[in-house]
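Here are my notes on this one, in the order I jotted them down. Have the viewer open as you read.

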Amino acid sequence: MTAPNPDAYGHTASPGVGVVMVDRRNGKVGVVMGHVGPYVQLRPPRGGREWDVPPQDVRAPTPTEELSAKVAVANRRWGR
């Protein structure tokens with residue numbers, strides 16, 4: 001999981017679908033669901049409404065944020 005990095009032309013590579021990322025604007029953790037236009041679509045790990053984030057405003061999660069997101073997904077599978 002890497003944060004987007006500009007290439008030699010200044011273009012930003014977007015993270016792949018299924019990757020856990022953090023919205024820098026509000027600190028919310030989300031799973032990348034896709035890309036629409038210039039935006040990355042994130043969805044909360046427990047499910048819910050997706051939101052659009054400019055690629056430059058997503059970052060890789062800290063180990064704690066990533067673990068928390070994965071636990072939320074596991075809890076959702078078990079109905080907790």
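1. Let me begin with a hairpin. Strand 1 and strand 2 form it, with 5 residues between them, and Gly-27 in the turn has a positive phi of about 80°. Bear in mind throughout that this is a predicted model.

2. The pairing behind that hairpin is antiparallel: 3 bridges join strand 1 (residues 20–23) to strand 2 (residues 29–36). If you want a place to check the register, Val-22 has Val-29 in strand 2 as its bridge partner.

3. On to the next hairpin, made by strand 2 and strand 3. There are 2 residues between the strands here, and Gly-37 takes a positive phi near 60°. Strand 2 and strand 3 are antiparallel as well, paired over 5 bridges. His-35 is the residue that stands opposite Val-40 in strand 3.

4. Strand 3 also pairs with strand 4, again in the antiparallel sense, this time over 3 bridges. Here you can look at Gln-41, whose bridge partner in strand 4 is Asp-52.

5. Putting the pairs together, what is the strand order in the sheet? The sheet is open, has 5 strands and reads 4-3-2-1-5, with antiparallel pairing. Strand 4 and strand 5 (58–59) stand at the edges with a single partner strand each, so each of them has one side without a neighbour in the sheet.

6. For the overall layout, the protein chain has 1 helix and 5 strands. Going from the N terminus, the elements run β-β-β-β-β-α, with the helix coming after the strands.

7. Now the packing. The largest nonpolar core has 8 residues: Val-19, Met-21, Val-32, Val-40, Leu-42, Trp-51, Val-53 and Val-58. Strand 3 (39–43) and strand 4 (51–53) are the elements that give two or more residues to this core. Apart from it lies another core of 5 residues, including Val-20, Val-22, Val-31 and Ala-69.

8. Leu-42 is a good residue to centre the view on. Leaving aside neighbours within four places in sequence, Leu-42 is in contact with fellow core members Met-21, Val-32, Trp-51, Val-53 and Val-58, among others. Its contacts also include Asp-23, Gly-30, Val-31, Arg-49 and Glu-50.

9. Is Gln-41, in strand 3, buried or exposed? Gln-41 counts as buried because its relative accessibility is 18%, and the cut-off for buried is under 20%. Beyond neighbours within four places in sequence, Gln-41 is in contact with Val-31, Val-32, Met-33, Gly-34 and Val-36, and also with Glu-50, Trp-51 and Asp-52.

10. Trp-51 deserves a second look. The charged end of Lys-28 sits over the ring of Trp-51, 4.1 Å from the ring's centre. As for aromatic pairs, a search of the whole structure finds 0.

11. Last, some totals for the chain. Of the 80 residues, 34% count as buried. The protein chain exposes about 5,300 Å², and carbon and sulfur atoms supply 52% of that area. Among contacts between residues at least 6 apart in sequence, 37% join residues at least 24 apart.

How values were computed:
Residues numbered from 1 in each chain as written. Predicted model: local features only at pLDDT ≥ 70, side-chain atom pairs only at ≥ 80, totals over all residues. Heavy atoms only, no water. Helix = DSSP H or I, 4+ residues; strand = E, 2+ residues; numbered from the N terminus. Buried < 20%, exposed > 50% of the residue type's maximum accessible area, 1.4 Å probe, protein only. Contact = heavy atoms within 4.5 Å. Areas by Shrake-Rupley, 256 points an atom, 1.4 Å probe, with all protein chains shown as cover. Core = buried A, V, L, I, M, F, W, Y, C linked by side-chain atoms within 4.5 Å. Phe/Tyr/Trp six-rings, centres within 6.5 Å; stacked < 30°, edge-to-face > 60°. Lys NZ or Arg CZ within 6 Å of the ring centre and 35° of its normal. Pairing = 2+ DSSP bridges.
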